[in-house]
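This report looks at an annotated site and at the cysteines of one protein chain. The structure is shown first.

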Amino acid sequence: MSIYKSNNHLIAPSVLAADFANLSKDIAVINDSEADWFHIDIMDGVFVPNISFGFPVLKSIAEYAKKPLDVHLMIVDPDRYLKQCKDLGAEIISVHYEACTHLHRTIHAIKELGCKASVALNPHTPIALLDDVIEDLDMVLIMSVNPGFGGQKFIDRTYRKIEEVRKLALLRNEELLVQVDGGVGPHNIGQLVQAGADVLVAGNAIFASENPIATIQEMKNVKPPVNLV
Ligand code: DX5
Ligand code: ZN
């Protein structure tokens, strides 16, 4: 399956919001739905003030998942774990700009493993800081909440950031995917796609809904509002 940009936006349900006591059930929901990727949030309690799950859980997800694994590392010193992510099945790996002293080296380490390389930006981190690596990236992950927890309120300033990275991508890296993560759901997905988002991560909006498969379908089939400008 291609993970490249298509005319249609991609939906990446966040497993963080799944029922961990019935993980295989929620993995099946993603497999059986129109979702495109599995978004897997790994937190270390240091880079973010929360701990989610680690490699044994990633391994179990990988055994049952039938779609690409998109691993979002919210950890310090991610270089130490890149190979393990790849070996357990990650196809896309996001590291945080704020966690990487030698970001260029880390991006190329991900690519040398054969994975797609993505850099995540916290809400306070400007797009301009990616200026010297933009051509090297497969994806930019724009955090629309402060990372660490699901179910937070979407930060509206994100729309301008999406537009900014999309403009940069048009000039310098046409294949670049723009991912948005945090507070995304049926209520704002149309506007996010219109701003230039390609990959929409959603946790609570999907798994806390009455019918996750229908919610994914609604998000997948949304049409961006008509631009009146
Ligand atoms: C937050 C994580 C998100 C989270 C999104 O730090 O990176 O992927 O699961 O959850 P919602 O969609 O509930 O905001
Ligand atoms: Zn995430």
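The side chain of His39 makes a polar contact with the side chain of Asp41, at 2.9 Å. This and every other value in the report comes from a predicted model. A second polar contact joins the side chain of Asp181 to the side chain of His39, at 3.2 Å.

**Annotated site**

The residues in these contacts also appear in a database record. An unreviewed UniProt entry gives the feature "binding site" at His39, Asp41, His72 and Asp181. These positions span 143 residues in sequence, but no two of their C-alpha atoms are more than 10.6 Å apart, so they gather at one spot. Among them, Asp41, His72 and Asp181 are included in the lining of the largest pocket.

His39 lies in strand β2, which runs over residues 38-43. Its relative accessible area is 0%; because buried means under 20%, His39 is buried. Beyond residues up to four places away in sequence, His39 touches Ala12, Pro13, Ser14 and Val15, and also Asp70, His72, Leu141, Gln179, Asp181 and Val201. Two of the annotated positions, His72 and Asp181, are thus among the contacts of His39.

Asp181 belongs to strand β7, residues 177-181. With a relative accessibility of 8%, Asp181 also counts as buried. Apart from neighbours within four places in sequence, Asp181 is in contact with His39, Asp41 and His72. Its other contacts include Leu141, Ile142, Met143, Ser144 and Val145, together with Val201. Leu141 and Val201 appear in the contacts of His39 and in those of Asp181.

**Cysteines**

How many disulfides does the model contain? The count is zero. Cys100 is in no disulfide, and the nearest cysteine sulfur, in Cys85, is 12 Å away. For Cys115 the closest cysteine sulfur is likewise that of Cys85, and the 7.9 Å between them is too far for a bond. The cut-off for a disulfide is 2.5 Å between the sulfur atoms.

Is Cys100 buried or exposed? Cys100 is buried, with a relative accessible area of 10%. Cys115 counts as buried too, at 5% relative accessibility.

**Accessibility values**

The table collects the relative accessible areas given above.

| Residue | Relative accessible area | Class |
|---|---|---|
| His39 | 0% | buried |
| Asp181 | 8% | buried |
| Cys100 | 10% | buried |
| Cys115 | 5% | buried |

Key:
Residues are numbered from 1 along each chain as its sequence is written. Chains are lettered from A and ligands numbered from 1 in the order in which they are written. This is a predicted model: local features need pLDDT of at least 70, side-chain atom pairs count only at pLDDT 80 or more; totals for chains, interfaces and linings use all residues. Side-chain values use heavy atoms; hydrogens and water are left out. UniProt positions are given in the numbering used here, feature names are shortened, and annotations may be inferred rather than shown by experiment. On a 1 Å grid over the protein atoms alone, a cavity is a set of points where a 1.4 Å probe fits but cannot get out, and a pocket is an open set with protein on both sides within 12 Å along at least five of seven lines; lining residues have an atom within 4 Å of a point. Helices (H or I, at least four residues) and strands (E, at least two) are DSSP runs, numbered from the N terminus. Buried means under 20% relative accessible area, exposed over 50%, partly exposed in between (1.4 Å probe, protein chains only). Contact means heavy atoms within 4.5 Å. A polar contact is a pair of N or O atoms within 3.5 Å; within protein, one must be able to donate a hydrogen and the other to accept it, and residues adjacent in sequence count only if both atoms are side-chain atoms.
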